[in-house]
Amino acid sequence: MTEQTPASSPAEDLPEQMRVRRSKRDRILADGAEPYPITYPRTASLAQLRERYADLPTDTATGDTVSVTGRVMFIRNTGKLCFATLRDGDGTELQAMLSLDRVGPDRLEEWKRVVDLGDHVGVTGEVITSRRGELSVLADSWAMTAKSLRPLPVSHKPMSEEARVRQRYVDLIMRPQARETVRVRAGVMRSLRDSLHRREFVEVETPMLQLLHGGATARPFVTHSNALDTDLYLRIAPELFLKRCVVGGIERVFEINRNFRNEGVDSSHSPEFAMLETYEAYGDYNTIGNLTRELVQEAAHATFGSNVVTHADGSEFDLGGQWRSVTLYGVLSEALGEEVTVRTEMPRLIQYAEKHNLDVDPKWGPGKLAEELFEELVVPNLVAPTFVRDYPEETSPLVRSHREQPGLTEKWDLYVRGFELATGYSELVDPVVQRERLVAQARLAAKGDDEAMRLDEDFLRALEYGMPPSGGMGMGIDRLLMALTGLGIRETILFPLVRSE
RNA sequence: GGGCCGCUAGCUCAAUCGGCAGAGCUGAGGACUUUUAAUCCUUAGGUUCGGGGUUCGAGUCCCCGGCGGCCCA
């Protein structure tokens, strides 16, 4: 947009290669041409040409004239014949050739003077194949469509992980896997929505900015509304609003959107993360578990064409079949070699914790400690998709009590490759019991546990109007991508949060 | 929060015991009408993350800080 070089970045302060590229931009302007023209009249995409001339024999001239555009990803200038590989946004590449006899001495010289790796150019000419058999456009004319002022990284060496994350746009230019991940993610999002729409679920959007944060136990981000003169929280979960929807008669409802948790950042945690949450009236944790499996398997089919997905490292991972289902206390007992139940008391659990070098927080009850032992001893080994069922009431304040087993709830966590992918409940809909549990949570909050939930009177009022029996489920989208692709969370998120440079 | 490792040219990386800061690619100039990480000749490019200290001399050793990665909690 701006035509003049800003005085704030004196040319002499720039690295040599950037000075050179700026001077090439100046040269284009001095010649009366545009380094950033409004458009270039292209008549075909590179992919269209590849398809149309797929079977053209070596060293053939078609007589067909086309106009193409692309970013220069490879360039080879010789005396009277120049080669460049152009690449389209979809990753398709095609060769452009510029010969002295076609474009003339002035334009060939100009090409050599001003075109660098990374520039966008347009080329008009005849579709041919080279003597080496490469499908090419033999130029009659060419134009700069966008001059690149920064050199690209070397293509034969991988960029550092930090550079890939900080300058994702460069990562996308250089690495096919980065572009592929974006498309896989889009395919998964679309598949999830399609799968839910087919089952007559309704997509809604509920508040991101909330007066009270709830629906999960996590530390929130706090912000401030000047108009209301009150602090607001970025939501940690949409749960309490989606349940209001179910109360209101939207009996199959879902939301795919961002949650924010003011907690650690590492290879599997991001402070903002995308989540699918869904509720099904007259369902329970069994029906919602089946739905979850079907959503994941349909997403695998949509993006990889199979329940067996291929990870980034080339290994195959099978998401097919019915998936293993175990109980929390069952797998924990197995890992400890001794029978543990929800009635096992603190002293024995503490013994197990000491035996396995697990530090015990004095605020933990027996349920929390059992879960911590489970996470320490069992979770890393849960590689194949596994539903872990029937968690203690103590740690699950929004879950219906188990229909048969006192002290437990109808909740499962789904583990894949050693991380939690989703969680599902038979929802607690009794407003009286819900109030008791939320009051207990609010007491914890008052005692300084800033992960505990606050009392949301309006949510309780909604429940008092009557919420039908329901199953509910939440699934991390970024983690679903991790399960499908084998990538780390910072690769599945296009622009993950990074510290300022 | 703790420990360990790293940060050097546009990019990826070297630099012995503390002793002239280097290579490949990229860039610039030249040759080449069939190149695919071309080849050949010439050549430029540095606040060694920042600050302080030790030393005749610091990329290298010490201290403080920044950023990143891994492990632990």
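User: Which elements each supply at least two residues of the surface near RNA strand B?

Analyst: In this predicted model, local features need pLDDT (the predictor's confidence in each residue, from 0 to 100) of at least 70 and side-chain atom pairs count only at pLDDT 80 or more, whereas totals for chains, interfaces and linings use all residues. Residues are numbered from 1 along each chain as its sequence is written, chains are lettered from A and ligands numbered from 1 in the order written, and side-chain values use heavy atoms, without hydrogens or water. Helices (H or I, at least four residues) and strands (E, at least two) are DSSP runs numbered from the N terminus, and a residue is near the strand if one of its heavy atoms lies within 4 Å of it. The elements are α1 (16–30), β1 (61–77), β2 (81–87), β3 (93–99), α3 (100–114) and α4 (161–166).

User: Which class has 16 residues in the surface near RNA strand B?

Analyst: Asp, Glu, Lys and Arg count as charged, Ala, Val, Leu, Ile, Met, Phe, Trp, Tyr, Cys and Pro as nonpolar, and the others, Gly among them, as polar. The surface has 11 nonpolar and nine polar residues, and the class with 16 is charged.

User: Which residue has a polar side-chain atom 2.8 Å from a base nitrogen of RNA strand B?

Analyst: A polar contact is a pair of N or O atoms within 3.5 Å; within protein, one must be able to donate a hydrogen and the other to accept it, and residues adjacent in sequence count only if both atoms are side-chain atoms. Asn77 places a backbone N or O atom 3.1 Å from a base nitrogen, while a side-chain N or O atom of Arg166 is 3.2 Å from a sugar or linking oxygen. The residue with the 2.8 Å distance is Gln95.

User: Which element gives the most residues to the largest nonpolar core?

Analyst: Such a core joins buried (under 20% relative accessible area; exposed is over 50%, partly exposed in between, with a 1.4 Å probe and protein chains only) Ala, Val, Leu, Ile, Met, Phe, Trp, Tyr and Cys residues through side-chain atoms within 4.5 Å. The largest one has 38 residues, and Leu192, Leu276 and Met475 have the most contacts (heavy atoms within 4.5 Å) inside it. With seven residues, the leading contributor is α8.

User: What is the mean pLDDT of chain A?

Analyst: Over residues 1–11 the pLDDT is below 50. Where pLDDT is low, the predicted coordinates should not be read in detail. In chain A, 94% of the residues reach 70 or more, and the mean is 89.
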